[in-house]
Amino acid sequence: RAINLRSFPINYTLFVTSIGKYNEFFRIAKPECKKRSGRRAFRKNLLSLHTCSSAAFREGFRTVSGTRAERGTTKNQLKLSDYMMKTKAFLEPMGSWAWWRSWILIFFGCSVMGTGFVLFVNPYNFVPGGVYGMGIVLHNIFPSIQVGTFGYMFDIPLMIIAMLVFGGQFGTRTVLAALFTPGFMNVLTRLVYPDAAAVESLDPSLLLGGRLDLSNDLLLTCVIGAVVIGVGQGIVVRQQATTGGTDIVAMLLQKYAGIKFSTGIFLADGFVVLSGLVVIGFGLGTGDADPKGWMLTLYSLITIYITSRVIAYMLNGASYDKLLFIISNRHEDLKRFIIEDLDRSATYIKAKGMYTDAPRDMIFLVVSRKEVHLVQHQIREIDPRAFVVVTDAYETFGEGFKQFPDKNSIQAE
């Protein structure tokens, strides 16, 4: 009688695979039970087999699993072993310098970003997007609540989304970074202003006793603030974390809509900037319109743009590689120089001269920016009549260059 495999207890099949008896089971159950490759296919195989008799299946199971008491003992051992393996996997990274370095950089980046807001953005009512930009807008309506506190109000739901979408490790880093940054901003704000009234007004003339009042040079102020904030955010995001807020929104747009990370931040922050124009520029909710509201909006847009460019630079870096197309009649000499002296390789591309109609090989070569002048000089020495085109290689992946990015890594462009 053929066994009804669809109704067979699933814990039996899971138990057989969990104790590593997959091959032994099929050896005993053969030839009636046909084995397919792969442990993942075990349950699927059983459901699709109709020639495996009940007796053969049960005999194979009893042989590999032992008595009921032995199965119970083995299951308890498996549970304990699984718990120990998970605990070891959780604690093992803490013994490496890379783990500590990553966390140090996360908190350092959050501190840099918070400093940029407190010293160069908040006092001047710039609204550079994000939850802290929205916090600045709301601080004008509710001055008794600090900007960092509003950050907590927005970050908590967004952090929950990040944990669900990007996984436990990313979520843990996001939670700690997003909890640390608003608190750091609140503490630093109280340190750089003399009293509670100054904390509510955020008057730049009271900032550090007036020693850092840049009210007369707002363009320089927004540029400095944008660079500092961008550097801080870039450091954090390079560690596969985020400071929360529109960082998470931008990552969701990159993951599901294919929008560039920096562009996603720029779009998400646009709404916050418009809110700042309405509240600060037009006085909605405050009753006190700032005559410089339009100018503050322009400065805010400049801040957002510079910040996004700095983040992109921090994530991808500058274009340090150069791409050369070389047409020459001295291929052997160039080959010897590239392989032996330059310690690189290149690729021949079949080409054909339009004027001469003669086939020839063109050398395709990628070098670093610091090597390009050496290559140009050597080509001139080997073949002064060579034709060379040099262009930028935005990103180069492979041996001797950058590693390919992971599937879920954050890309600025």
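**View 1. Two cysteines tucked away in a predicted model.** Buried means under 20% relative accessible area. Cys 222, at 1%, is therefore buried in this predicted model. Cys 110 comes out at 0%, so this residue counts as buried too. If you go looking for disulfides, the count comes to zero.

**View 2. How confident is the prediction?** Across the protein the mean pLDDT is 77, and 71% of the residues reach 70 or more. Two stretches to look at with care are residues 25-40 and residues 46-51. Over residues 25-40, pLDDT stays under 50, and the model gives this stretch 32 contacts beyond four places in sequence. Over residues 46-51, pLDDT also stays under 50, with eleven contacts beyond four places in sequence. Where pLDDT is low, don't read the predicted coordinates in detail.

**View 3. Two phenylalanines meet edge-to-face.** The count of aromatic pairs comes to ten. One of them is Phe 325 with Phe 364, an edge-to-face pair at 5.6 Å centre to centre and 65 degrees between the planes. This pair links distant parts of the chain: Phe 325 sits in strand E1 (residues 321-327) and Phe 364 in strand E3 (residues 359-368), 39 residues apart. As for how open they are, Phe 325 has a relative accessible area of 24%, so it is partly exposed. Phe 364 counts as partly exposed as well, at 28%.

**View 4. An aromatic cluster.** Here you'll find three tryptophans and three phenylalanines gathered into one aromatic cluster: Trp 99, Trp 100, Trp 103, Phe 107, Phe 180 and Phe 184.

**View 5. A look into the second largest pocket.** Empty space shows up when a probe the size of a water molecule is rolled over the atoms. The second largest pocket has a volume of about 370 Å³. Its lining is made up of 17 residues, and those nearest the centre are Pro 123, Tyr 124, Asn 125, Pro 204 and Asp 290. Helix H7 (130-141) and helix H10 (196-201) each chip in with at least two residues of the lining.

**View 6. Thr 297 and its contacts.** Where in the fold is Thr 297? Thr 297 belongs to helix H14, which covers residues 293-316. Is Thr 297 buried or exposed? With a relative accessible area of 11%, Thr 297 is buried. Setting aside neighbours within four places in sequence, Thr 297 is in contact with Val 273 and Leu 277.

Technical notes. Residues numbered from 1 in each chain as written. Predicted model: local features only at pLDDT ≥ 70, side-chain atom pairs only at ≥ 80, totals over all residues. Heavy atoms only, no water. Disulfide = S-S within 2.5 Å. Buried < 20%, exposed > 50% of the residue type's maximum accessible area, 1.4 Å probe, protein only. pLDDT = per-residue confidence, 0-100. Contact = heavy atoms within 4.5 Å. Phe/Tyr/Trp six-rings, centres within 6.5 Å; stacked < 30°, edge-to-face > 60°. Helix = DSSP H or I, 4+ residues; strand = E, 2+ residues; numbered from the N terminus. 1 Å grid on protein atoms, 1.4 Å probe; cavity = no way out; pocket = protein on both sides within 12 Å on 5 of 7 lines; lining within 4 Å. Points joined across faces, edges and corners; volume = space filled by probe spheres on them.
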